[in-house]
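Please look through the sequence and the model below before reading on. The paragraphs after it explain a few places in turn.

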Amino acid sequence: MYSKIKIAGHPVHPMLVAFPVASYTGTLTGFAVYAATGHQFWLNLAIALNVAGVCGAALAALPGLADWAFGIPRDSAAKKTGLIHAGLNVAALGLFLATIASYEGNWNGPAASATLGLVLSAIGVALTIMAGFFGWMLVQDYHIGVRLAPEQELAEPAIQHTQPGALGRRPAA
């Protein structure tokens with residue numbers, strides 16, 4: 001188990017990622033409904049969820065960075081996968097920060113358009129989904145945050161150096 005930030009033996013990073021994922025998705029939904037209806041409530045909801053998502057992402061990133069920096073073996077395929085996971089999440093965070101900057105002045109009055117919010121949050125959600133794919137790869141393929149049985153631990157060094165996509169495949173006969 002490579003997670004360095006844990007509570008009662010459970011990794012903290014996976015506990016926190018649901019909050020920004022849900023908030024980012026809600027941000028996109030809020031902008032979509034605002035674009036369709038023009039009701040200020042939906043714009044305010046999108047802005048509030050955007051702020052919550054950015055704060056949640058920053059909070060989730062702290063134990064994730066610690067796990068990546070201090071828990072995953074150097075020069076392993078898992079380290080590279082973790083870097084891709086982090087890069088996609090940072091890019092999504094940047095898009096959601098840009099969305100906040102674009103709409104923060106519209107809390108008390110309607111925005112001229114929801115298009116920018118829709119585009120930025122849609123791309124941000126897509127990046128978050130891709131980041132989730134790589135995050136799950138860290139768990140499923142590289143066993144980051146997973147307690148292994150003693151016999152599984154014996155195979156772990158070989159698994160950590162198997163390139164992404166090669167795990168789970170059977171060798172050609």
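What follows goes through two serines, a pair of helices and one further helix.

The model is a predicted one. Begin close to the start of the chain, with serine 3, which belongs to the segment that comes before strand S1 (6-7). Is serine 3 buried or exposed? Its relative accessible area is 3%. A residue counts as buried when this value is under 20%, so serine 3 is buried. Leaving out residues up to four places away in sequence, serine 3 touches Pro11, Asp67 and Gly145.

The second serine, serine 23, sits in helix H2, which covers residues 18-37. With a relative accessibility of 9%, serine 23 is also under the 20% limit and therefore counts as buried. Its contacts, apart from neighbours within four places in sequence, are Leu49, Ala52 and Gly53. Glycine 82 is 59 residues away from serine 23 along the chain, and the C-alpha atoms of these two residues are separated by 22 Å.

Helix H2 also packs against another helix. Two packed helices are described by the angle between their axes and by the distance between those axes. For H2 and helix H5 (residues 115-140), the angle is about 150° and the axes are 9 Å apart. An angle over 145 degrees counts as roughly antiparallel, and H2 and H5 are therefore roughly antiparallel to each other. The crossing of H2 and H5 is left-handed.

Which residues make this contact? On the H2 side they are Val21, Tyr24, Thr25, Thr27, Leu28, Phe31, Ala32 and Ala35. On the H5 side they are Gly117, Leu118, Ser121, Ala122, Val125 and Thr128. Of the residues in the contact between H2 and H5, nine are nonpolar, five are polar and none is charged.

The last stop is helix H6, residues 150-160, whose buried residues are Glu156, Ile159 and Gln160. Where do these buried residues lie around the helix? Viewed down the axis of H6, they fall within an arc of 80°, so they line one face of the helix. Helix H4 (77-103) is included in what covers the buried residues of H6. The face of H6 turned away from the buried side carries exposed residues, namely Glu151, Leu154, Pro157 and Ala158. In H6, then, the buried residues line one face, while the face turned away from them carries exposed residues.

Definitions and conventions:
Residues numbered from 1 in each chain as written. Predicted model: local features only at pLDDT ≥ 70, side-chain atom pairs only at ≥ 80, totals over all residues. Heavy atoms only, no water. Helix = DSSP H or I, 4+ residues; strand = E, 2+ residues; numbered from the N terminus. Buried < 20%, exposed > 50% of the residue type's maximum accessible area, 1.4 Å probe, protein only. Contact = heavy atoms within 4.5 Å. Arc of directions from axis to C-beta. Axes fitted to C-alpha atoms, helices over the stretch in contact; angles between N-to-C directions. Parallel < 35°, antiparallel > 145°, perpendicular 65-115°, else oblique. Left-handed = near helix turned anticlockwise from the far one by under 90°. Nonpolar A, V, L, I, M, F, W, Y, C, P; charged D, E, K, R; others polar.
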